Amino acid sequence: MAEIRVPELAESITEGTISTWFKQVGDRVEKGENIVELETDKVNVEVISEEAGVITELKAAEGDTVEVGAVIAVVDESGTGAAPAPQAEAPAAADTGKTPTIEQAVEETKTERIVATPSARKLAREKGISLSDINAKDPRGLIRSHDVENSTKQEAPKAAAPAAPKENPNKPVIREKMSRRRKTIANKLLEVSQNTAMLTTFNEVDMTNVMELRKRKKDKFQEDHNGTRLGFMSFFTKAVVAALKKYPAVNAEIDGDDLVLKQFYDIGVAVSTEEGLVVPVVRDCDKKNFAEIEGSIYDLAVKARDKKLGLDDMMGGSFTITNGGVFGSLMSTPIINGTQAAILGMHSIVTRPVAIDKERMENRPMMYIALSYDHRIIDGKEAVGFLKTVKELIENPEDLLLES
């Protein structure tokens, strides 16, 4: 028998949640074939079988939390698929010294025929509940741990203390259990807001020149770089790298009593997915040209939406850019990502009247940009200077060629 274990995930991740079993007991599995998807705090990870054979046991159900190294399935390499004998729910004769009654024997036989996950059987034994009294939500009749929990809640006696007010049936609501990813995002954001002295400073950028440059060059750019499109993110990424070099404290973090000034420029780019915001990292942006940055961002966005991001794609960013403008946001105060010192927020491009001088007004495409920063690391003067540098480079995009 071969055991399938939860693999090492990442230094900071010690457990995951069973998201989807691709195989069930009795199914044939080939060596290297994916058998289960784990949802971790950062990404989904597919676990493969190291041996070919037949699944004889699943030791965790969908929704169960499992630790790194834990055995979650057993594969019979002989291919016979003989599953281990199920554990009886009723006490055996050897345990009591008495012959079981007819009623006990019937109950034991019924329990053995019930299909339940190992964790559900264990939980039912601990709570003293017969599996035959539990209603399974699974259409196949498979009893899972949450079915046992729900049965316990239904049978629990009423508390002596006043019960919480019931929801008004005339005011319907939908209750959904938060996904592991959503809970992690919520906890991380709360942790950042509680553990940093976060401030936000704003500026506005006249997008006229960069939009005209992009309009002139985009077709030739796409032709020269195998279909890669020239977007605004490469301009802002290059401007950010130049500003980080000028203001190195913005590219730092606190580690205990030390201030760590990073000498690399791995820029996280926030991407929205169905399960929440993820921040894959574009590596070595100071060494990449515009096409390489645009290509990397596109590839990471596709992987994010297809749930194919690896842990390496998410780790170790030094600064983050988030673009709320794609959703129509005019202005926001983005929250710093993890242990980083700052985050740049881009917003919608809106045509507004702008004073060119004392005599002239023109309608210009304008964007508000925001820098949220940790005031423990970055002084207000540095934050304003950083944002002003980004503004000047975007308004004079040819200067970015000198910075690249």
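A nonpolar surface patch of about 270 Å² is formed by Phe-202, Leu-330 and Met-331. Patches of this kind join residues with over 30% relative accessible area and no salt bridge, nonpolar side chains (Val, Leu, Ile, Met, Phe, Trp, Tyr) being linked within 5 Å and like charges within 9 Å. Areas follow the Shrake-Rupley method with a 1.4 Å probe, and for residues only the protein chains shown count as cover. The model is predicted: local features need pLDDT of at least 70, side-chain atom pairs count only at pLDDT 80 or more, and totals for chains, interfaces and linings use all residues. Residues are numbered from 1 along each chain as its sequence is written, and side-chain values use heavy atoms, with hydrogens and water left out.

Within the patch, Leu-330 belongs to the loop between strand 16 and strand 17 (342-346); helices (H or I, at least four residues) and strands (E, at least two) are DSSP runs numbered from the N terminus. Leu-330 is partly exposed, with a relative accessible area of 45%, where buried means under 20%, exposed over 50% and partly exposed in between (1.4 Å probe, protein chains only).

Turning to the interior, the largest nonpolar core has 59 residues, and those with the most contacts inside it are Phe-236, Val-240, Phe-319, Phe-386, Val-390 and Ile-394. Such a core is a set of buried Ala, Val, Leu, Ile, Met, Phe, Trp, Tyr and Cys residues joined through side-chain atoms within 4.5 Å. Elements giving two or more residues to this core include helix 6 (208-224), strand 12 (267-269), strand 19 (361-374) and helix 9. Helix 7 supplies the largest share, 9 residues.

A search of the whole structure finds 2 aromatic pairs. Rings of Phe, Tyr and Trp (its six-membered ring) pair if their centres lie within 6.5 Å, with planes under 30 degrees apart counted as stacked, over 60 as edge-to-face and the rest as tilted. What is the arrangement of Phe-235 and Phe-290? Their ring centres are 5.1 Å apart and their planes stand at 65 degrees, so the pair is edge-to-face. Because Phe-235 lies in helix 7 (residues 232-246) and Phe-290 in helix 8 (residues 290-305), the pair ties together parts that are 55 residues apart in sequence. Phe-235 is buried at 3% relative accessibility, and Phe-290 is buried at 12%. Phe-319 and Phe-386 form a tilted pair, 5.6 Å centre to centre with 45 degrees between the planes. Here strand 16 (residues 319-323) holds Phe-319 and helix 9 (residues 380-395) holds Phe-386, so parts 67 residues apart in sequence are tied together. Phe-319 has 0% relative accessibility and counts as buried.

Charges also meet rings: the charged end of Lys-245 sits over the ring of Tyr-265, 5.7 Å from its centre, and that of Arg-352 sits over the ring of Tyr-368, 4.5 Å from its centre. The criterion is NZ of Lys or CZ of Arg within 6 Å of the ring centre and within 35 degrees of the ring normal.

The whole structure has 16 salt bridges, each a side-chain nitrogen of Lys or Arg within 4 Å of a carboxyl oxygen of Asp or Glu. Among them, Lys-262 and Glu-253 meet at 2.7 Å, N to O, and both residues are buried. Asp-266 bridges to Arg-283, with the closest N and O atoms 3.4 Å apart. Arg-360 and Asp-357 meet at 3.0 Å, N to O, and both belong to a network of salt bridges with Asp-206, Glu-362 and Arg-364.
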